[in-house]
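Student: Hi! I have a new model open on my screen and would like to walk through it with you. Where do we start?
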Amino acid sequence: MTTAPPVNGQIIGMAHYATRAVLKRLLATSGITFHQSVALTATADKGGIIERRRLIERMTGAVKLDVSVAEQTLSELTSAGLLEERPGEQPLLALTAAGEALEREHRTGVADATAPLYAGLPAEDLATAGRVLTEVTARANALLAAG
């Protein structure tokens, strides 16, 4: 039996880029970019409407985008009719019917494409990996915040 290599940044990175390549193939069929998919998913996760500021924070925090790139992405989505601005005390963005349909289709495609990647892996192993990677992410974010 082969021993698994120790978990380190290289192993995590290889898994990330392999999974991202699967996602990139899916995105090619949907006509949206990775950054656009992040924005649409984040908006859907908040019930289809989100404060613009919170969406920018989510995109810059989770994917480490520059604010200008996040803003450009939101402009692309509003121009494409997938997000719309809503009046309110805080500027809001909402999924349009087209945006909601595309996001739902994308989410289903991601689930279908990634299911084989996790199939057959023990639930305990997945839970442990989730805890470890969440902690590594939190530590990396703390280092970045510290300058």
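Tutor: Let's start with one term: a residue is called buried when its relative accessible area is under 20%, exposed when it is over 50%, and partly exposed in between. Please keep in mind that this is a predicted model.

Student: OK, try it on E103. Buried or exposed?
Tutor: E103 counts as buried, because its relative accessibility is 6% and the cut-off for buried is under 20%.

Student: Where is E103, and what does it touch?
Tutor: E103 is in helix α5. Not counting residues up to four places away in sequence, E103 touches L40, T41 and A44. Its C-alpha is also 9.1 Å from that of L82, a residue 21 places away in sequence.

Student: Let me back up. How many helices and strands does the chain have?
Tutor: There are six helices and three strands. Starting at the N terminus, the order is α-α-β-α-α-β-β-α-α.

Student: And what are the overall dimensions of the C-alpha trace?
Tutor: Along its principal axes, the C-alpha trace spans about 60 × 40 × 25 Å.

Student: What share of the chain is buried?
Tutor: Buried residues account for 26% of the 147 residues.

Student: How many of the contacts join residues at least 24 apart?
Tutor: If you take contacts between residues at least 6 apart in sequence, 52% of them join residues at least 24 apart.

Student: Can you give me a pair of residues far apart in sequence to look at?
Tutor: Try G109 and L23: they are 86 residues apart in sequence, with their C-alpha atoms 8.9 Å apart. G109 is in helix α5, and it counts as buried because its relative accessibility is 15%.

Student: Now the core. Which residues have the most contacts inside the largest nonpolar core?
Tutor: That core has 22 residues, and L40, L55, M59, L74, L77 and L83 have the most contacts inside it. Two or more residues come from each of α1, α2, α3, α4 and β3 (92-95). The biggest contribution is from α2, which gives five residues.

Student: Why would nonpolar side chains group like that?
Tutor: As a general tendency, nonpolar side chains in soluble globular proteins are buried together.

Student: Pick one of those core residues. What is L83 in contact with?
Tutor: Leaving out neighbours within four places in sequence, L83 is in contact with L40, T43, L55, L74, L77, T78, L93, A94, L95 and T96.

Student: L95 is on that list, so tell me about it.
Tutor: L95 lies in strand β3 and counts as buried, because its relative accessibility is 9%. With the same neighbours left out, its contacts are L40, T43, A44, G48, L82, L83 and E100. The C-alpha atoms of L95 and T41 are separated by 9.8 Å, and these two residues are 54 apart along the chain.

Student: I clicked on T73 next. What does its side chain reach?
Tutor: The T73 side chain reaches the backbone oxygen of V69, at 2.9 Å. T73 belongs to helix α4 (residues 67-79).

Student: And why does T73 count as buried?
Tutor: Because its relative accessibility is 3%, and buried means under 20%. Setting aside neighbours within four places in sequence, T73 is in contact with H35, Q36 and M59.

Student: Which backbone angle should I look at in K64?
Tutor: Look at phi: K64 has a positive phi of about 60°, although it is not a glycine. K64 sits in the loop between α3 and α4. It counts as partly exposed because its relative accessible area is 43%.

Student: Last topic: pockets. How much space lies in the largest one?
Tutor: About 2,000 Å³.

Student: Which residues lie nearest its centre?
Tutor: I12, A15, H16, T19 and L133 do, out of 45 residues that line the largest pocket.

Student: Which helices supply that lining?
Tutor: At least two residues come from each of α1 (9-30), α2 (34-45), α3 (52-62), α5 (97-118) and α6 (123-146). The largest share is from α1, with 13 residues.

Student: How does the lining divide between nonpolar, polar and charged?
Tutor: The lining of the largest pocket has 27 nonpolar, 13 polar and five charged residues.

Definitions and conventions. Residues numbered from 1 in each chain as written. Predicted model: local features only at pLDDT ≥ 70, side-chain atom pairs only at ≥ 80, totals over all residues. Heavy atoms only, no water. 1 Å grid on protein atoms, 1.4 Å probe; cavity = no way out; pocket = protein on both sides within 12 Å on 5 of 7 lines; lining within 4 Å. Points joined across faces, edges and corners; volume = space filled by probe spheres on them. Helix = DSSP H or I, 4+ residues; strand = E, 2+ residues; numbered from the N terminus. Nonpolar A, V, L, I, M, F, W, Y, C, P; charged D, E, K, R; others polar. Buried < 20%, exposed > 50% of the residue type's maximum accessible area, 1.4 Å probe, protein only. Polar contact = N/O pair within 3.5 Å; in protein donor to acceptor, adjacent residues only side chain to side chain. Contact = heavy atoms within 4.5 Å. Core = buried A, V, L, I, M, F, W, Y, C linked by side-chain atoms within 4.5 Å.
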